[in-house]
Amino acid sequence: MSNNARHLTGMHNALRRLALPTLLALAGLCTGIGALAAGERPVVQGTLSAPATAVPAAAATPVVAAPAAPAAPAATFAVEPAAPATPPVLVNGLVRVPDGRLLAPDIARIVTRGELVVAMLKVDTPPFFFFDDSGQWTGLEVGLAQSLAKELGVKLRFNREAGTFNAVVDLLANGQADLAISKLSRTLARSQTIAFSDSYLTLNHSLILNRVKFAQLSRGRPLPEVIRNFDGSIGVIAKSSFADYARTNFPHAKVQEYATWNDVLVAVNKGEIVSAYRDEFEVKRVLKADPTVSLVLRTVTLKDLEDTLGIGVAVTDTTLLAYVNQFLAQRAEKLDIQKVLQALDR
């Protein structure tokens, strides 16, 4: 063999020795990628699990850099864990919370947060929710919310940003609360936006009539006939359930909306309107607070019209709604008009 031939053969062998480790490393890297793709498990708990096999040992073999171009740095294929704020969702739709329990997603959201947020009107409404003489936040519905939070094992916070009852519904619908407990009437209009629990208190509708104005309107006709075909003026709280009820139940009446219930009472007492319309509790409460108003005003309870109060729940929180209904069903104390009136005296 000539010297040139020997020289070429030596160079060929040197290149083979130099390239072989690099080729092996690249082959190992490709194998690692394939193993990673094959080793990924389906999303079972809402998070991607790291593959059982890490980067293969072949990828760890030292790579001799070729003289012409340095080797590129090894790629990393780590699977990022899910954000800790998002509980992992299981294939059966349940969520494993930090204490190990499996809960429905809407319940798990509250438990993981550690807080139940309840929307409630910012205007105190005794005996449902109010600050008593000692400054204690209390009331029938405050106690209801406290009991629910206790059953869930979480703290309780009230969102009292809403200035109207419909605004309370909006807080819930916009995701700013888990529940709405605020003497809310269950109406068709509101049921298009939120879901309601079973009723926890049923009240009849009632009218407060200005005696003089009503006598002028009735012109000697029987009371039931006048009420059935009422075409006088009716005062209601603006953006309340009774604003809707008035237009539905008294289609011939002139409905006038006021900012507050006190404004409605002042108007009917002065004779600016013939009647004020609300539930029987609020009407009886007026007479209970000042019996002398009966000289100017009279009341009529509409036994065929009911106002049912329920707890508002987001339309997507179906398990939470079922939980609230079961909670109400198991409560030993059931509310009625007499118990609510008695609560005013405490």
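Which residue does the side chain of Asp345 meet in a salt bridge? In this predicted model, the partner of Asp345 is Lys288, with an N to O distance of 3.4 Å. The two residues belong to distant parts of the chain, 57 residues apart. Lys288 lies in helix α9, which spans residues 280-289, whereas Asp345 is located in the segment after α11 (337-344). Asp345 is classed as exposed because its relative accessibility is 56%, and exposure is assigned over 50%. Lys288, at 41% relative accessibility, is partly exposed.

The contact between Asp345 and Lys288 is part of a wider set, the structure containing 13 salt bridges. A further pair is formed by Arg113 and Asp178, whose closest N and O atoms are 2.7 Å apart. This pair also connects distant parts of the chain, with the two positions 65 residues apart in numbering. Arg113 is found in helix α2 (residues 105-113), and Asp178 occupies the loop between α4 (165-173) and β7 (179-180). The two partners fall into separate accessibility classes: Arg113 is partly exposed, at a relative accessible area of 37%, while Asp178 is buried, at 2%.

A salt bridge is likewise present between Glu282 and Arg278, where the closest N and O atoms are separated by 3.7 Å. Glu282 has a relative accessible area of 2% and is buried. Arg278 is also buried, with a value of 9%; both assignments follow because buried residues are those under 20% relative accessible area. Glu282 and Arg278 participate in a network of salt bridges that additionally links Lys183, Asp279 and Arg285.

With regard to strand architecture, five strands are arranged in an open sheet with mixed pairing. The strand order is β6-β3-β7-β14-β8. The edge positions are taken by β6 (155-159) and β8 (195-196). Each of these edge strands has a single partner strand, so one side of each remains without a neighbour in the sheet. Within the sheet, strand β3 (residues 115-119) pairs with β7 in the parallel sense, over two bridges. At the level of individual residues, Ala119 has Ala180 in β7 as its bridge partner. Strand β7 (179-180) is also one of the elements that bound the loop carrying Asp178, the salt-bridge partner of Arg113.

Key
Residues numbered from 1 in each chain as written. Predicted model: local features only at pLDDT ≥ 70, side-chain atom pairs only at ≥ 80, totals over all residues. Heavy atoms only, no water. Salt bridge = Lys/Arg side-chain N within 4 Å of Asp/Glu carboxyl O. Helix = DSSP H or I, 4+ residues; strand = E, 2+ residues; numbered from the N terminus. Buried < 20%, exposed > 50% of the residue type's maximum accessible area, 1.4 Å probe, protein only. Pairing = 2+ DSSP bridges.
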